[in-house]
Amino acid sequence: MSLVANQLALSRAKSLLALGLGVLLALLAGYALTAGRYDLSLSQVAGHLFGQSAAGPAGVVVLGIRLPRILAAVSGGFALAVSGALTQSLLGNPLASPFTLGISHAAAFGAACGIVLFGAGGFTANAVAGSAAEIVRIGAAATVSACAFAGALGATALIAALATLRRLSPQAMILCGVALSSLFTAGTILIQFFADDLQLAAIVFWTFGDVSRAGWEQIAAMAGAGVAAGGFGLMARHDLNALLAGEDVARSVGVRALSLRLAGLGLAALATGVVVAACGVIAFLGLLAPHIARRLVGADHGPLVLHSGLWGALLLLGADTAGRQLAGTGALPVGVLTSFLGAPLFLLLLLRGGRT
């Protein structure tokens, strides 16, 4: 009876922690709406969100600039963190993440190919107005997203094949990710060499990592990809828990490990590709958030997936808000700050031999 009571108390504590993270995220979003070069009060923000139109400078700042940026940070951070949690579990590697395995670099290479080889960089230009320009912009953005997804999926498929067929160790998979990162970075540089000025500027944006340019279509795509990856993690939580004990143990309880790995990595690649296509390369977030969540709630994938997503959203929104405050103009790319946060953790994990 005491064991059941302890389990219920632990589950209640994890639920309260998730609720607390949600409240903290809402408070941070509220602060991000008011803070900046154009300071606004909470009453002004609330008025534009729930009653007034977007007319006037304050309305443009709230509804046209800050709200999309906040939603992009929340949806992108959630998607990247859930992708990192799934990648670590499915590959059995605590150092795995879309960035450390080269998936983000592959997505950036795919986006660069879409911009230069398929002429999809035109959506960054605002020289033409009207509905025709909007159609072209949406179509170009869709092309870049498709190319980024193709790059992420290709890198994921290669890593999954090597891990399955060659039975690589966790350390060998990280080395494989380093090699893929170098390969796709070199490919992106080569694409830049043949790009014109407008295309080059668009490619540089992908490599920086910035949530400020994501439009409503990209925000919806990131949210959908994050929900899909998170939903998969929650529905397959028992299979993922069994996989933690080893592939042989998982098979003995009826888990189809190969199908589970392919489906999960495919969704992780989808989420990563969509985020990179919308915001560029955001380093280490998929590594940092799942490790924080695992420290707090353990390895059970029920709470782990949700907490990872909440921490990812909170960290990316916090980094973007800090970047706006530090730079003063909102020009500091959020990918720089996530690298400052994630790189020390990555080095610490390497020094500890990859243990969580």
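This report walks through the helices of a predicted model and some of the residues inside it.

## The overall picture

Let's start with the basic building blocks. The chain contains 14 helices and 0 strands, so reading from the N terminus gives one α after another: α-α-α-α-α-α-α-α-α-α-α-α-α-α. The chain has 356 residues, and 51% of them count as buried. Look also at the contacts in the chain with a separation of 6 or more: 77% of these come from residues 24 or more positions apart.

The UniProt record, an unreviewed entry, adds an annotation here. It places the feature "transmembrane region" at residues 70-91, 103-123, 135-165, 172-195, 262-289, 301-319 and 331-351. Two of these spans can be checked against the model. Residues 301-319 are 100% helix and 0% strand, and the C-alpha atoms at the two ends lie 26 Å apart. Residues 262-289 are 82% helix and 0% strand, with end C-alpha atoms 23 Å apart.

## How helices meet

Two numbers are handy when helices pack: the angle between their axes and the distance between the axes. Here are three pairs to find in the structure.

| Helix pair | Angle between axes | Axis distance | Crossing |
|---|---|---|---|
| α8 and α11 | about 160° | 9 Å | left-handed |
| α4 and α11 | about 55° | 9 Å | right-handed |
| α4 and α7 | roughly 165° | within 10 Å | right-handed |

Take α8 and α11 to begin with. Helix α8 covers residues 216-235 and helix α11 covers residues 257-279, and they pack at about 160°. An angle over 145 degrees counts as roughly antiparallel, and therefore α8 and α11 are roughly antiparallel to each other. Which residues of α8 and α11 make the contact? From α8 come Q218, A221, M222, A225, A228, A229 and F232. From α11 come L260, A263, G264, L267, L270, A271, V274, V275, A278 and C279.

Helix α11 also packs with helix α4, residues 103-116, at an angle of about 55°. That makes α4 oblique to α11. On the α4 side, I103, S104, A107 and A108 take part in the contact, and on the α11 side T272, G273 and V276 do.

Helix α4 has another partner in helix α7, residues 197-208, and their axes cross at roughly 165°. This makes α4 roughly antiparallel to α7. Here A111, A112, I115 and V116 of α4 meet Q199, A202, I203 and W206 of α7.

## One side of a helix

Now try helix α9, residues 237-244. Its buried residues are L240, A242 and L243. Why do these sit on the same side of α9? They cover an arc of only 160° around the axis, which puts them on the same side of the helix. After α9 comes G246, a residue with a positive phi near 115°.

## Three buried residues

Some single residues are worth finding too. Is L25 buried or exposed? L25 lies in helix α1, residues 2-34, and L25 is buried because its relative accessible area of 12% falls under 20%. Setting aside neighbours within four places in sequence, L25 is in contact with V74, A313, L314 and L317. L25 and G318 are 293 residues apart in sequence, yet their C-alpha atoms are 8.9 Å apart in space.

R324 belongs to helix α13, residues 301-327. This arginine is buried as well, with a relative accessible area of 11%. R324 and R37 are 287 residues apart along the chain, while 8.8 Å separates their C-alpha atoms.

The last stop is outside the helices. F284 is found in the loop between α11 and α12, the latter being residues 285-297. F284 is not a glycine, and its phi is positive, near 70°. F284 is buried too, with a relative accessible area of 11%.

Technical notes: Residues numbered from 1 in each chain as written. Predicted model: local features only at pLDDT ≥ 70, side-chain atom pairs only at ≥ 80, totals over all residues. Heavy atoms only, no water. UniProt positions renumbered as here; feature names shortened; annotations may be inferred. Helix = DSSP H or I, 4+ residues; strand = E, 2+ residues; numbered from the N terminus. Buried < 20%, exposed > 50% of the residue type's maximum accessible area, 1.4 Å probe, protein only. Arc of directions from axis to C-beta. Axes fitted to C-alpha atoms, helices over the stretch in contact; angles between N-to-C directions. Parallel < 35°, antiparallel > 145°, perpendicular 65-115°, else oblique. Left-handed = near helix turned anticlockwise from the far one by under 90°. Contact = heavy atoms within 4.5 Å.
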